[in-house]
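Here is a brief report on the structure shown below. It takes up metal sites, cores, a sheet and model confidence in turn.

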Amino acid sequence: MSRLRRVLIVLGSLVVVLALVVGGLFWWLWSGARVSTVGDEAFDHQLAVPPLAASHLDRDGTRVFDLKMQAGETEFVQGRRTATWGFNGSYLGPTLRAERGEKVRVRVHNTLDQASTVHWHGMHLPAKMDGGPHQMVAPGATWAPQWTIDQPAATLWYHPHPHGETEDHVQRGLAGLFLLDDAVSGRLPLPKRYGVDDLPLIVQDVRFDGAGFDHGHKMLQNVGFLGDRTMVNGTLSPYRVVSDEAVRLRLLNASTARTYDFGFSDDRAFALVGTDGGLLERPVSLKRVQLSPGERAEVVVRMRPGERTVLRSFAQDNYDDSFQQRFNGGDDSFDVLQLRAADTLRPSPELPAHLARLEVPDGKDAVRGRFFELKKSGINGRKMAMDRIDETVTRGTTEIWTIRNTNGMPHNFHVHDVQFRVLEVNGHAPPPQLRGPKDTVFVPNGTTMKFALRFDGPADPDTPYMYHCHLLYHEDEGMMGQFVVVDKGQKAGRPSAGAGEHHHH
Ligand code: C2O
Ligand code: CU
Ligand code: CU
């Protein structure tokens, strides 16, 4: 009897100790998981602005750019060298810029010791020029895609897309902007002097381990890498002096997994004028704009002489339960960029009441629907396979795509080649920030969305475009599928399983 009692007491205390240890460990993880830089930034680095890429016109009028993928070192903090990759430099890349109607060619030269690709995110172009996982560029090789710009003025971007390695290649620093102009944007009285009152803001989250990057995924993070600081255009703790009453900020979330909810520290309103694929019909006054990885927003903020304000990313509450909120970034907040207005400001015109006519389809002429169930384990129950075409769409037709996430974690959804219109979010009309042209949308857990998409590009039954979650860890894990655009009655071909039928030396 007494022996049994002693055993029970020992077992009981063991259980109590174990519970305390587990509880303590969880408490430690829980309280350490929230990241905030609010109030902690010194704003002691002047914001870098990516240079505009040089280009020349060749004999037939094609605008030609050169991008060199290269390895190097970057001093994010003075005196500390971090190993990085970049285009034409050690980190990020120059801003490419072209007009609607122009023919462009980009000569991409890979001087890295690994194969990679360069994808033109948001661009409407032939599948062979898309720079997805089927257009690998071998070390030492040059790939020179060309196409005609055939879409409205917009803030697009470029980044690598090698299957299984996209998160790594983007984190090392390969990303840049591709701005498009057109007659409409040229005429509008919007701030448009690049690097003066029209500022590109490439926002990334990072974590340093000494001088080097720490790209490890932490325990209980199922979205992929989340950093503990933010950089803008590769600048840590950045400030920017502005000398105009109105400043246009072209926000790109170039982070690999983190979603931001941008606003200002004093809660001032700003005008949203554009989304991923171009200008809205009219400016919308907002206090927050949420951007998941890959999404863009163009906003115009007004400043008063001598004042300061901080572009901040606020905590968000639409990730799912408190566990997701805490461990996957929903509860985090960041002071991203300080704006310092000069003592005298150049006057800026009021924003026009009307901006542009939307060219995205309204879905009324849709010929068919498709359904996509988002799961980390794969889309519609299948992991990405390089040699499998998942969807075949007919050139010149409009479709309605329904996207659903019940996976218990945030995802987003990006479609190559097209800009689409969001028709519905959980059965309701979309909020203002989803009413412009979109190529990437945030799909938090418990969300069903409907889009209208129109496929007008050239048919190519053998070369697929991608659709995927743009949380790059999920994409790399296989949360991606392939579609081809075919002529009416044509069948899908078979893409090669391997990478790289396009290596040119
Ligand atoms: Cu920005 Cu398929 O990606
Ligand atoms: Cu893309
Ligand atoms: Cu995902």
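## Copper ion, ligand 3

The donor residues of the copper ion (ligand 3) follow the sequence spacing H-x57-C-x4-H. H411 lies in strand 30 (residues 411-415), and C469 sits in the loop between strand 34 (465-468) and helix 5 (472-477), so this pair ties together parts that are 58 residues apart in sequence. The model is predicted.

The protein donor atoms are ND1 of H411, SG of C469 and ND1 of H474. They lie 2.0 to 2.2 Å from the ion. Both H411 and C469 are buried.

## Copper ion, ligand 2

The copper ion (ligand 2) has H119 and H414 as its protein donors, each through NE2. They lie 1.9 Å from the ion. H119 belongs to strand 7 (residues 119-121) and H414 to strand 30, so the pair ties together parts that are 295 residues apart in sequence.

H119 has 0% relative accessibility and therefore counts as buried, the cut-off being under 20%. H414 also counts as buried, because its relative accessibility is 0%.

## Nonpolar cores

Which residues touch the most other members of the largest nonpolar core? They are L201, L251, F262 and V289, in a core of 39 residues. Elements giving two or more residues to this core include strand 12 (198-206), strand 18 (246-253), strand 19 (260-264) and strand 22 (289-291). Strand 25 gives the most, with 7 residues.

F262 shows how such a member is surrounded. Beyond its neighbours within four places in sequence, F262 is in contact with residues including V203, L251, F270, V289, L291, L311 and V336. Its contacts also include K287, R288, R312 and S313. A second, separate core holds 30 residues, among them W401, F420, L434 and V485.

## An open sheet

An open sheet is formed by 7 strands in the order 16-15-12-18-23-20-21. The pairing is mixed. Strand 16 (235-236) and strand 21 (278-286) are the edge strands, each pairing on one side only.

Inside this order, strand 20 (residues 270-275) and strand 23 (residues 296-302) run antiparallel, joined by 3 bridges. G274 stands opposite E298 in strand 23. Strands 20 and 23 are also among the elements that give two or more residues to the largest core.

## Confidence

The protein chain has a mean pLDDT of 96. A pLDDT of 70 or more is reached by 98% of its residues.

Where does pLDDT stay under 50? It does so over residues 500-505. For that stretch the model has 17 contacts beyond four places in sequence.

Definitions and conventions. Residues numbered from 1 in each chain as written. Chains lettered and ligands numbered in written order. Predicted model: local features only at pLDDT ≥ 70, side-chain atom pairs only at ≥ 80, totals over all residues. Heavy atoms only, no water. Pairing = 2+ DSSP bridges. Helix = DSSP H or I, 4+ residues; strand = E, 2+ residues; numbered from the N terminus. pLDDT = per-residue confidence, 0-100. Contact = heavy atoms within 4.5 Å. Donors = N, O, S within 2.8 Å, 3.2 Å for Na, K, Ca; no water. Buried < 20%, exposed > 50% of the residue type's maximum accessible area, 1.4 Å probe, protein only. Core = buried A, V, L, I, M, F, W, Y, C linked by side-chain atoms within 4.5 Å.
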